[in-house]
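Biologist: Could you walk me through one part of this model up close, and then show me how the rest of the fold fits around it? Keep it casual, I have the coordinates open.

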Amino acid sequence: MAMEDNKPWALISEVGEQDYFKEVTHITKQHFQIICYKDFIQNPQLHGPKIQAMFVWYYPKPEPWLLSLLPSLKVVANGGVGIDHLDVPYINSLGVKVTNTPDVVTDATADMALGLLLASARKIVEGHHIAVNPKTTYIPQSLMGVEVAGSTMGIIGMGRIGCKIAQRGKGFDMKILYHNRNRRSVEDEQALGASYCENMDDLLKESDFVVLAVNLTPETTDLISHRELSLMKRTATLVNVSRGLVVDQDALVKALQSGTIHAAALDVTHPEPLPRDHPLLSLPNVLITPQVGTNTYTTTRKMVQKMVENAVAAVKGQPVPNEVKPN
């Protein structure tokens, strides 16, 4: 019990179906005494001064009013790579560090991108519904998909995840194009079999599948809108595993309804989940998953472990492995 009392306190969201898996909370409890947000908020004056670490897994969002209740806070440890939901300069101004988990999500997210691409191209979900429908007596020949092998995949955003997506596309004998703020090295391009498009428009015009793997920034908000969609092939598919706001959804709906592009496969939308009457949900040429790109048991464990490692270092005043600095 004495050892337990010596552990620093950490605020987490919740243990259960909607957030932290019970299977991984033991990783956090090895180093911290944890309190769930719903318990904390019942008596913030009692618990607030003790909390030194805050683990953000979708929520609680570290807004100013909440941070003001945590005078001893030293670190906000975010699960995942994207920190667009965090005001890093403001949090840092309070003397609080911000961390993320960049490396551990790479493979799972790249797998999801290829999974969405394949499922959309080969109409896997539609085929499943036909196969299990009790009224099915024959398989319609209209269930025709798009050939993936030999097609051209254009990747917008060639960071860790983009490179892994290219690696997987190469395994499917796809031609790989990419657009990025900075060109990769010649060695990287040769290893991935990827060709650089300095102008994103060229990539959009030539690709059969356009895959978005960028961080959400002011520059990438609505990166794909009416003009960009109009440049794509009418047979092309848009795949998004970045953030919903990277795509102008109103423009996407119009492009899909009018046949400007063939299909879309999205692991992210804005908001999440979409309103139940949103037109994207009823279009037959759209495949949507609920931002589950990192949702594997292996990746979740690695993410929590990395969050804890970052938080422990910050609390102890040691160098933080994955500290996020404002741009």
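Modeller: Start with the right-handed β-α-β unit that strand 4, helix 6 (residues 88-93) and strand 5 make in this predicted model. Strand 4 covers residues 75-78, and both of its faces are covered. Val-75 and Ala-77 are buried on one side, and Val-76 and Asn-78 are buried on the other.

Now look sideways from that strand. Strand 4 pairs with strand 5 (residues 97-99) in the parallel sense, over three bridges, and Val-75 has Lys-97 as its bridge partner there. Strand 3 (residues 51-56) also pairs with strand 4 in the parallel sense, this time over four bridges. If you want a pair to click on, Asn-78 in strand 4 is the bridge partner of Val-56.

Zoom out a bit and these strands belong to an open sheet of five, with parallel pairing and the order 2-1-3-4-5. Its edge strands are strand 2 (33-36) and strand 5, each pairing on one side only. From one strand to the next, the twist averages 25 degrees. Over at the strand 2 end, strand 1 (residues 9-12) runs parallel to strand 2 and is joined to it by four bridges; Trp-9 has Gln-33 as its bridge partner in that strand. Back around the unit we started from, helix 14 (residues 297-315) lies across strand 3, strand 4 and strand 5. Relative to strand 3, helix 14 runs at about 155 degrees.

There's another sheet to take in. This open sheet has seven strands in the order 8-7-6-9-10-11-12, again listed with parallel pairing. Strand 8 (194-196) and strand 12 (286-288) each have a single partner strand, so one side of each is left without a neighbour in the sheet. Ignoring direction, neighbouring strands here are turned by 20 degrees against each other on average. Inside the sheet, strand 6 pairs with strand 7 (residues 175-179) in the parallel sense over five bridges, and Thr-152 stands opposite Lys-175 in strand 7. Helix 13 lies across strand 10 (237-240), strand 11 and strand 12, at about 140 degrees to strand 11.

Just ahead of strand 6 (152-156), take a look at Ser-151, in the loop that follows helix 8 (124-132). Ser-151 is buried, with a relative accessible area of 6%. Not counting residues up to four places away in sequence, Ser-151 touches Met-174, Lys-175, Asp-208 and Phe-209. A polar atom of the Ser-151 side chain also lies 2.6 Å from the backbone oxygen of Val-148. For a sense of scale, the C-alpha atoms of Ser-151 and Asp-107 are separated by 22 Å, with those positions 44 residues apart along the chain.

Last stop, the packing. The largest nonpolar core has 30 residues, and Ile-156, Ile-224, Leu-229, Leu-238, Leu-252 and Leu-280 touch the most other members. Two or more residues come from each of helix 11 (200-206), strand 9 (209-212), helix 13 (249-258) and strand 11 (263-266). Helix 13 gives the most, with five residues. For a single residue to inspect, try Ile-224: leaving aside neighbours within four places in sequence, its contacts include Ile-156, Met-200, Leu-204, Leu-212, Leu-229 and Leu-238. Apart from that core lies another, of 28 residues, with Leu-117, Cys-163, Ile-165 and Val-211 among them.

Methods:
Residues numbered from 1 in each chain as written. Predicted model: local features only at pLDDT ≥ 70, side-chain atom pairs only at ≥ 80, totals over all residues. Heavy atoms only, no water. Buried < 20%, exposed > 50% of the residue type's maximum accessible area, 1.4 Å probe, protein only. Contact = heavy atoms within 4.5 Å. Polar contact = N/O pair within 3.5 Å; in protein donor to acceptor, adjacent residues only side chain to side chain. Pairing = 2+ DSSP bridges. Right-handed = clockwise from strand over helix to strand, strands pointing away. Axes fitted to C-alpha atoms, helices over the stretch in contact; angles between N-to-C directions. Core = buried A, V, L, I, M, F, W, Y, C linked by side-chain atoms within 4.5 Å.
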